[in-house]
Structures are given as structure tokens and as C-alpha cells.
Amino acid sequence: MTAGAALADRWRAARLPAAGLHLDSAACSRQSLAVIDAANQHARNESEVGGYVAAEAAAPALDAGRAAFAALAGMPDAEVVFTTGSLNALDLLLGGWPADRRTVACLPGEYGPNLALLAAHGFDRRLLPVLEDGRIALDDAALALHADPPDLVHLTAVGSHSGVVQPLPMIAELCRELGLPLIVDAAQALGQVDCAVGADVTYASSRKWIAGPRGVGALAVRRELMAGLRPRLAAPDWLAGPFTVAQQLEFGEANVAARVGFSMALGEHLAYGPQAVRARLAELGATSRTALADVAGWAVVEEVDEPSAITTLAPVDGADPQAVRSWLLAERAILTTFVGVQRAPLELAGPVLRISPHVDTTADDVETFAEALIAATAATSG
């Protein structure tokens, strides 16, 4: 048995059987029974001893989750704040960013809701040059950043609209050389590609490749940068003393059970071995793109050897991604993703269909999807 197959067996055995074929991990992966039990046990503890007492008891598990997130981001000394997800993390960060330093460089493939948040917080956006596939053109970007430095660089490491992986280590090194803060949106990257590049800020959600609960995420910020943030919901002067900036960012009600589940999922990911998980996911991406390359009505966006599990299918000859996605779910119980242009409004020309298998997917599963895609395309055309 290969290492990838052994990992797939372990992953599958840790979960309930899927009700169909789940190819939607870039949206929401399947939680393990241990993650579900951890969140459930905390909820039971809240019922038995009270929510605040239970939260105090959960502190070691939550601290372990913060440490695991920081390690995966390559930021072992960072302060980590739990959030409700990636968009909430970016909102907290931008809301506390100095008002006189609000120019941001990003890529044309930036996630649409991120663009909306940047605009809402008054950031002046500058687009960095990219190659034809949407990957950053490093040399040209270096010249642009040196000639007119922004206050921060925001990079979505893997987009919501394609599986193209940005050269994160090289971008991090470039930003360090230029003295520019690098903010990494790792929502689609954490657990799928290596994010341990030591950015200044890294944030991500629980529910995607890490396979934790919905409604929780994390924001890791270097301590010196965190100290310069001014939270919108800040403690008043007479109360500010006992609270750090990180604690102020976490003010408000919280689903502690979800945070406990996320912490468990992070621990499981480390136990599986992040490198082994990444290798398996890249293998599945290549398998999927090879199997789907000749399906009529669709063009595979990524190169076969792109190091991610995401395969994006662009329609040709009038195929309708939204109708096909609905047909696959209703008729074959196959879960995929419809990607509308709002996910990357500055780059995406039209809607696409996306699959994102996790490590338990098999080559036979991919063939099953390929056959179903042919049937779905025929059933929904014209």
C-alpha cells in the first residue's frame, strides 16, 4: 500500500461515511468524529458547569490550537486570535490598521469579498503584475513595489476561483527585503500548501482543508505589528490595562465549542503530517486534471502538475456550471462548487465549476465524477 493510500484509509476511518461523493473540500471539508466529539464534549461541559467555567477549563486546548496555527503559518512567536472565519479575521485586522497607512498591493485575482472589505476600510488598492495564469510576475512585481511601496501587501495564496498556487516563499522573501508587511489570506491554502513562510500576518478558516467546524478561524499577527493595531472595539482607557490588543480583538461572544473543535482539527492535521497531506492532495490534483482533460464542453484551467488538489473547469460550447453543479448533486449525489465571477471580479471572465477532493478520494472516485460530468453536461445543455 502506498503512503497516500494509507493516509486515505486513516482519514476515511476517522469519519462518518459520506452521503455521496464529496468533492467540495475547498468550501467545507468533512469533520472527523474526534473533532465532532471535542466540540460536543465542550457543549456538554457548558451545560454541566456553566459556559464561562467551561471556557476556563478549555484554555489549554485553545492555547494548543493557537500554537498549532502559528506553527503552520511559520510564525511561532505570533499572537493568535480566534475569529469566526477568514473574512472576520481580515475585517478585524483592517479595522485596527493605522489610519494614515492605507495603501495596499494585491493581485487581480483577489477574492471579491476581500476587495469589498479593503474598500470599506478606505484602502487605496494597487494591482501587482501577473502572468497569464494569474500567478504573480515576481520580477515585475519587485520593480513595482520598489518604485512605489505600499503600506502593506495582501496576498491570497490560493484563490477561491482556481487552484493556482502563488509562490508564497519567494513573495515573503521579497517583502522582507523591501521592508513591506505581508498579509497572507490562507483560507484556501492552509492544510493544502505550505504556508510556513513567516509572513507578518496569516489568517484562515477552520472548515476547509483543516476539516474543522464552520464558523471559526484564526488570525496570527507578529507581536510588534499587533502592538500597533488600534481595535475598533477597544477597551476604554480606564479598563485597557489588563487587556492586550489580541484580547481586545477577541472581545465579544464566542462559540467556544467550535474553537475547541478547530483546535482538535489542527492537532489531527499535525498528527497526519502536513507534508504527507500536501503530497497526497497534489497527487489527487494531478489525477483529477488528467482524467478531466478530455471531457467535452470543459477546459481544465490548471496545469497538471499544479501543487494543489483543486481542479477548475471552465465551460466551453455553452456548458452551464451552475446547472451542472445542481444536476450532479440532485442526480448523482456528487458535491462540487459553482464559482461565480464575484469570487474574483477583477480576473474571472465567467463562472466555472470546481472540484476539491480531500485525501480520502480515490482514482475511481475521480473517474465516477468524470463520467457523471459528461452526463450532466449533456442533460443540462440547450
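The following paragraphs describe the fold of a predicted model, from its domains to its central sheet and the surroundings of one annotated lysine.

The protein is divided into two parts: domain 1 takes in 3–30 together with 273–380, while domain 2 spans 33–272. Taken over C-alpha atoms, the centres of domain 1 and domain 2 are 26 Å apart. The two domains also meet, with 38 residues of domain 1 in contact with 34 residues of domain 2.

A good place to begin is the helix close to the start of the numbering, α1, which covers residues 3–13. Its buried residues are Gly4, Leu7, Ala8 and Trp11. These four sit on the same side of α1, because the arc they cover around the axis is only 105 degrees. The spacing fits a general rule: an α-helix has 3.6 residues a turn, so residues three or four places apart point the same way. Among the elements that cover the buried residues of α1 are α11 (256–272) and α12 (274–292).

Turning to the sheet, 7 strands form an open arrangement with mixed pairing, in the order β2-β8-β7-β6-β5-β3-β4. The edges are held by β2 (79–83) and β4 (124–127); each has a single partner strand, so one side of each is left without a neighbour in the sheet. On average, and with direction ignored, neighbouring strands of this sheet are turned by 20 degrees against each other.

Strand β7 shows both kinds of pairing. Towards β6 the two strands run parallel and are joined by 3 bridges, whereas β7 and β8 run antiparallel and are joined by 5 bridges. Tyrosine 203 in β7 takes part on both sides: aspartate 185 stands opposite this tyrosine, and its bridge partner in β8 is leucine 219. Valine 201, in turn, stands opposite valine 221 in β8. β7 is mostly covered, as 5 of its 5 residues are buried. Val201, Tyr203 and Ser205 lie on one side and Thr202 and Ala204 on the other, so both faces of the strand are covered.

Strand β3 (residues 103–106) gives a similar picture of cover on both faces, with Thr103 and Ala105 buried on one side and Val104 and Cys106 buried on the other. β3 runs parallel to β4, and 4 bridges join the pair. One of the residues involved is threonine 103, whose bridge partner in β4 is aspartate 124.

Helices lie across the sheet strands as well. Helix α5 (residues 86–96) lies across β2, β5 (152–156), β6 (182–185), β7 and β8, and runs at about 150 degrees to β7. Helix α8 (residues 168–178) lies across β5 and β6, with an angle of about 160 degrees to β6.

Finally, there is the annotated lysine. UniProt lists Lys208 for "modified residue: N6-(pyridoxal phosphate)lysine", in an unreviewed entry. In the model, lysine 208 is found in the loop between β7 (201–205) and β8 (217–221). Despite this loop position, lysine 208 counts as buried, because its relative accessibility is 9%, against a cut-off of under 20%. Leaving aside residues up to four places away in sequence, lysine 208 touches Ser25, Ala26, Ala27, Ser29, Ala187 and Gln188.

How values were computed. Residues are numbered from 1 along each chain as its sequence is written. This is a predicted model: local features need pLDDT of at least 70, side-chain atom pairs count only at pLDDT 80 or more; totals for chains, interfaces and linings use all residues. Side-chain values use heavy atoms; hydrogens and water are left out. Buried means under 20% relative accessible area, exposed over 50%, partly exposed in between (1.4 Å probe, protein chains only). The arc is that of the directions from the helix axis to the C-beta atoms. Contact means heavy atoms within 4.5 Å. UniProt positions are given in the numbering used here, feature names are shortened, and annotations may be inferred rather than shown by experiment. Two strands pair if DSSP finds at least two bridges between them. Axes are lines fitted to C-alpha atoms, for helices over the stretch in contact, and angles run from 0 to 180 degrees between N-to-C directions. Domain bounds come from an automatic or database domain assignment.
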